[in-house]
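Please open the model in your viewer and keep the selection tool at hand. We will move from stop to stop, and at each one you will be told what to select and what to look for.

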Amino acid sequence: MTTTIWSLLLVGALVALAYKRSSLKVSAIALVAFAVAAFIFDAPTTLTVISLIFAAGFGVLSLDGFRANSVTRPIFAFYKKILPQMSETESTALEAGTVWWDGELFAGKPNWQTLLNHPNPTIPQHEQDFLDNQVATLCSMVNEWEINQDGDLSKEIWDFIKKERFFSMIIPSEYGGLGFSAQTQSAVLQALTVSGATFSTVGVPNSLGPGELLLKYGTQEQKDHYLPRLADGREIPCFGLTGPRAGSDATSLPDVGVVCKGTWEGKEVLGLKLNFEKRYITLAPVATVVGLAFRMFDPEGLLGEKKDIGITVALLPRNLEGMDIGNRHKPIGSPFMNGPVFGKDVFIPLDFIIGGADNAGQGWRMLVECLSVGRCITLPSSGAGGGKYSIAATGAYSRIRRQFNVPIAKLEGVQERIARIAGNTYTASAAARVTAIAIDEGHKPSVPSAILKYNLTELARDIANDTMDVHGGKAIIRGPKNYVEAGYSSVPVAITVEGANILTRSMITFGQGAIRCHPYVLPEMHAAQNDDLKAFDKALFGHFGFIFSNMSRAAVLNLTNAAFTGVPVSGPTKQYYKQLNKYAASFAIMVDMCMFSLGGELKFRELISARLADMLSKMYLASMVLKHWADQGSNKDDLPLVEYSIQKLFFEFEEAHYGLIKNLPARPVAALLKVLTMPFGRRAVAPTDKLVATVVDLVSYHTDTRERLIKGSYRGEMIGTAYADPMRNPLAVYDTLLDRVEQAEGIYKKIGEAIKAGKYDEANLSIEGRITEGVEMGILTADEGEFMIAFEKDVLDMVHVDHFPLEHFGPVAENHDKAPAKKGSSKKKAENA
């Protein structure tokens, strides 16, 4: 063999060993075998010597004790010098939660069996009964138009929420709560997206708040007192974290509690004097108990030597002297209860601290641990549920709304929006459901919580925009017939709360994941902090092997487009698993190269961090889509939705991938990464027009795919009276229209053909007139005519928008001369237009 061939064989052997993540000992043995083979087959002496040098190097490095003392020790000393000091709050945030599928993606070689073996439980029957009865009843009671006009839920709704213990989904049954699974909590909240105010009212107490904090950290006395009262609605909770000077940077709380002695119930006790100013606090105007986060100080040393005790969380009854609560903010889009809370020299005993005095200073740990779970459920459920409602309405509307003599669902510009709503809804539903099940399995996925919070609320924003575009004029005229406006207007609330999306994307997702999920970075840091050379040596050389392995895997998988990588699935989605293997390897090496080239500066290069977060997010969401499809039985009818969702996510992954390479400051490193991870440029393509049209047909007709996609949306009748006649749930009306639309399309076709043949009077332009005339001419049967008149009446009812007497707008009517109002006209009654 020639020198070139032997050289290629040696390089191939080294690449293969790295690709397989072989140990140093195995690599040494393999290279000795290569050298022997080279000698036997008369290979060039130089290559034999080179292979033996590699074998000797790997062999020596496989001797742990020698390696640690001779090689690692000086690196260890240098590392300890440059390792930045980590604050207690940063350390707490990084340690919060658990690592789940996000860790597999960071590893660059995801074990798909881990995800495929992830449970797929059905909702327990008693929880399903609650969904079918209490949740359906609550949905039937809400009327978002009336809620927005009145500025609050009705008394009947408030009473029903308390009576049926909606505030207690996270409270165990032994305390009188519902004790629901995370999967059911998500299902409840998704159904309640019919009303933003109702969603927020129910969602917040079941997310970050006193209930969850008490469950995990409260004393038994606190649990016994508060949890039953929270469960049955005697107590309404709120939680005060955000203030004018502490928003996204929650650790910079200026609110203080100073340890002092004071009088409580006639006795002198040790307690805290609190001064605080909170805002944006949901349920605060009506809350009876306030969870409060503040910075605790002990300047007189009454508790010990430590002066700055740290962030602490306490429970404050509403009627405390010095606390000012009750005013309201007016959030855009939805009038849920939200307002400020002020405190001036408010005294509380130490046992008001959640968990008692022993938990003083533990507030930040408590908050981040609870937030990692709550952010996985409440806000992601708004994205998934809102998407289901939107595609159920928009798909049907596009089928029954006709322009240019065709349903607007046939217009390609409209199709683009509808398909995007459908794909985004499928992605959001998959991520919300699979991640909720992970929580039920005991995981506390802190990084996925950031991924879901950012991405699902951003998907909700895209869905709202597309829904508005498809509905056009119907969606911009306010009134009881407009089922789009409230959701569209309230989207920024979800974008902003529980960690603003800009911050979540550019700082939290990757910033936390890079250390928490990387298999070696956190062990290296712990080893340095504990001055443990042996542990550092193991982590360091594991990290070196990890880098070389991912370089090898990225190069091979990108050169071959993952054609030969193995995955434990077959069928039409196999290619997507393979592509995710390629993307994971590329992401893993890019993470290490970014950390290597930027070092501590990476923390401040927020757009680099944001693109890495985007790459991680798209892989995570694509994995959830594949798992969701498998859990639903790999139904081939739904495959176009899966393909659309995956192709869109892959296209977005490569957009972030390309943007990172283009903007990485270390250009030689960027050039290396381009060769390793994008040698042929971008390969992912956006969904084709043909696929878009297929998806639209699936969601704009009454199909099984549509049923699976919108499962859990409330589609029954509604009790409210926004019209002269009882208001109907638009989804219920659309269901009846879709039951008839295919028959109607056949009749439209008959009428259209007759018009082209010149059989109609050109002056007869109304569809009702053409139906009647068609029956008279024998173009349509009498039954078809009767069917179409009723169908068109229902269509027109859904197309109509509202208009109001000028008096409805109050004093503005006095500014304009007008004819006297018609007898019986109402200032509030809406009419059709």
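**Cysteines, a surface patch and a bent helix**

Begin by selecting Cys260, which is buried in this predicted model, with a relative accessible area of 16%.

Next, select Cys594, which also counts as buried, at 0% relative accessibility. Which cysteine sulfur is closest to the sulfur of Cys594? If you add Cys517 to your selection, you will have found that closest sulfur, which lies 16 Å away and is therefore too far for a bond, since a disulfide needs the two sulfur atoms to be within 2.5 Å. A search of the whole structure likewise finds zero disulfides.

Now turn to the surface and select Val32, Val36, Phe39, Ile40, Phe41 and Leu52, which together form a nonpolar patch with about 630 Å² of accessible area. Helix α2, which covers residues 24-40, supplies the largest share of this patch, namely four residues. Keep Ile40 highlighted, because this residue of helix α2 is exposed, with a relative accessible area of 59%.

For the last stop, select residues 730-756, which make up helix α29, and follow the helix to Val741, where it bends by about 45°. At the N-terminal end of α29, show the side chain of Asn729, which caps the helix by placing a side-chain oxygen 3.1 Å from the backbone nitrogen of Leu731. Finally, move past α29 to Gly758, a residue that follows the helix and has a positive phi, near 75°.

Conventions
Residues numbered from 1 in each chain as written. Predicted model: local features only at pLDDT ≥ 70, side-chain atom pairs only at ≥ 80, totals over all residues. Heavy atoms only, no water. Patch = residues over 30% accessible without salt bridge, like charges linked within 9 Å, V, L, I, M, F, W, Y side chains within 5 Å. Areas by Shrake-Rupley, 256 points an atom, 1.4 Å probe, with all protein chains shown as cover. Salt bridge = Lys/Arg side-chain N within 4 Å of Asp/Glu carboxyl O. Helix = DSSP H or I, 4+ residues; strand = E, 2+ residues; numbered from the N terminus. Buried < 20%, exposed > 50% of the residue type's maximum accessible area, 1.4 Å probe, protein only. Bend = angle between axes of the 7 residues up to and from the residue. Polar contact = N/O pair within 3.5 Å; in protein donor to acceptor, adjacent residues only side chain to side chain.
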